[in-house]
Amino acid sequence: MPTVEELYRNYGILADATEQVGQIRRQAIKELPQFATGENLPRVADILTQLLQTDDSAEFNLVNNALLSIFKMDAKGTLGGLFSQILQGEDIVRERAIKFLSTKLKTLPDEVLTKEVEELILTESKKVLEDVTGEEFVLFMKILSGLKSLQTVSGRQQLVELVAEQADLEQTFNPSDPDCVDRLLQCTRQAVPLFSKNVHSTRFVTYFCEQVLPNLSSLTTPVEGLDIQLEVLKLLAEMSSFCGDMEKLETNLRKLFDKLLEYMPLPPEEAENGENAGNEEPKLQFSYVECLLYSFHQLGRKLPDFLTAKLNAEKLKDFKIRLQYFARGLQVYIRQLRLALQGKTGEALKTDENKIKVVALKITNNINVLIKDLFHIPPSYKSTVTLSWKPVQKVELGQKRASEDTTSGSPPKKSSAGPKRDARQIYNPPSGKYSSNLSNFNYERSLQGK
């Protein structure tokens, strides 16, 4: 197979006349598709893929157009050339070939992207996924989730299994390894939009309950400013809505319940004069509790007698005391938030300060609804809330929740941690956590973290 240098030499491109080189190169690129016939087409596709490394924007556009041109002649042959370079080419060529697939495939007509072509894309992608960076993995999930043949329930399930394999869910979780933590988060983010009432999240939820929750306080991340614990709890909450039949439901529900108790403190002891005996009252971690309470509420529906039949009387009494204490602080906070937002509409609600207040009100209202459910005798699991960081879905009565496509469209730069290659993906949490000291429920202070 001719190399790029050999191709240029054949066209006289290595001449000393620098000004002529660019023109000759561009002319050569324009004419290359003419040679893309029969067994030559994969070779031409391979050469054009190598040419994606050019830094000349005009030349780069010509290469893209030439690749699209031969794609329409023979999609399978063109894919052969592209994937050959993705698997064996230089890093810059690999990066740009993946970006080409992620941006250009969706522009091709159905008569080009046939079922057989899509099957080839899936087969070749699986080979690449054996060794990818985090950012490459995101791009390949974008490519695969856009294929028509994978829009079915069985197709989505196949993608979930691909993600689960990348996440190494069969391996013991290592909370002190930042790459291990990042890989799990990265993969879970790609899986979440695929879950539905027919494509269950059970395997991921089970792994989070068994492996991640017990190690929540030990999680490490190289990303400065990221609340890694809250990030994990948000993902668990989103997945819990689509959990199917769980093999060890009671055991995992108990682990979730125990973790919830850690963020729902008992009221401080009172001294004889009626004042707090301690120096300060516990801080309420509203964002953490929203996630944990929502997850418990979702899984609790599958074992509705957990609180009444699976816990002893003392444990249940302790839980009710914690709920009551949290609910009292919650009501004070909700009143202050409503007062702060009263009369504000339109542009006034778009300031950073008021955006934070709106999100805080969503969080506290959600917790309030869920606590009310658990105060029923027996506890109820019927209420439905939209997680504070998710957009409100306009759905028909009885419909639960539409999944949202959150796959990233950023270009691969081989700089992020992925399932196997070494670089790391930067995460941006949608919102922060909200904490408050009940002894002085000042609004501004209550938005600060612990």
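## Exercises on helices and salt bridges

Buried residues of helix 6 are covered by, among others, helix 3 (40-50), helix 4 (57-73), helix 5 (75-88), helix 7 (115-128) and helix 8 (134-145). Keep in mind as you work that this is a predicted model.

**Exercise 1. Describe helix 6 and list its buried residues.**

Step 1: Start with the extent. Helix 6 runs over residues 91-104, which is 14 residues. From first C-alpha to last it reaches 20 Å, close to the 20 Å expected at 1.5 Å a residue.

Step 2: Now look at burial. The buried residues in helix 6 are Val93, Arg94, Glu95, Ala97, Ile98, Phe100, Leu101 and Ser102. Charged side chains appear in that list, including Arg94, and the next exercise follows this one.

**Exercise 2. Find the salt-bridge partner of Arg94 and say where each residue lies.**

Step 1: Search around the Arg94 side chain. It meets the side chain of Glu136 in a salt bridge, with 2.9 Å from N to O.

Step 2: Place the two residues. Arg94 belongs to helix 6 and Glu136 to helix 8, so the pair ties together parts that are 42 residues apart in sequence.

Step 3: Check accessibility. Arg94 and Glu136 are both buried.

**Exercise 3. Decide how enclosed helix 8 is.**

Step 1: Measure out the helix on the model. Helix 8 has 12 residues and spans 16 Å between its first and last C-alpha, close to the 16 Å expected at 1.5 Å a residue.

Step 2: Count the buried positions, using the cut-off of under 20% relative accessible area. In helix 8, 11 of the 12 residues are buried, so the helix is largely enclosed by the rest of the structure. Among them are Glu135, Glu136, Phe137, Phe140 and Met141.

Step 3: Ask what does the covering. The cover over the buried residues of helix 8 includes helix 5, helix 6, helix 7, helix 9 and helix 10 (178-191).

**Exercise 4. Work out which acidic residue pairs with Lys148, and compare the case of Glu118.**

Step 1: Find the bridge. Lys148 forms a salt bridge with Asp110, the closest N and O atoms being 2.8 Å apart.

Step 2: Locate the pair. Asp110 sits in the loop between helix 6 and helix 7, and Lys148 in the loop between helix 8 and helix 9 (153-167), 38 residues apart.

Step 3: Read the accessibilities. Asp110 has 48% relative accessibility and counts as partly exposed, while Lys148, at 53%, counts as exposed.

Step 4: Turn to Glu118, in helix 7. Glu118 is buried but has no salt bridge, and Lys148 is its nearest side chain of opposite charge, 7.3 Å away. A salt bridge requires nitrogen and oxygen within 4 Å. Setting aside neighbours within four places in sequence, Glu118 is in contact with Leu113, Leu147, Lys148 and Ser149.

**Exercise 5. Trace the salt-bridge network that contains Glu250.**

Step 1: Begin with one link. The side chains of Glu250 and Lys310 meet in a salt bridge at 3.9 Å, N to O. Glu250 is in helix 13 (residues 249-262) and Lys310 in helix 15 (residues 306-310), 60 residues apart.

Step 2: Add the remaining member. Glu250, Arg254 and Lys310 are linked in a network of salt bridges.

Step 3: Check the surface. Glu250 is partly exposed at 33% relative accessible area, and Lys310 is partly exposed at 31%.

**Exercise 6. Put these local pictures into the setting of the chain.**

Step 1: The protein chain has 18 helices and zero strands. Of its 450 residues, 50% count as buried.

Step 2: The structure holds 16 salt bridges.

Notes. Residues numbered from 1 in each chain as written. Predicted model: local features only at pLDDT ≥ 70, side-chain atom pairs only at ≥ 80, totals over all residues. Heavy atoms only, no water. Helix = DSSP H or I, 4+ residues; strand = E, 2+ residues; numbered from the N terminus. Expected span 1.5 Å × (residues − 1). Buried < 20%, exposed > 50% of the residue type's maximum accessible area, 1.4 Å probe, protein only. Contact = heavy atoms within 4.5 Å. Lys, Arg positive; Asp, Glu negative; His and termini not counted.
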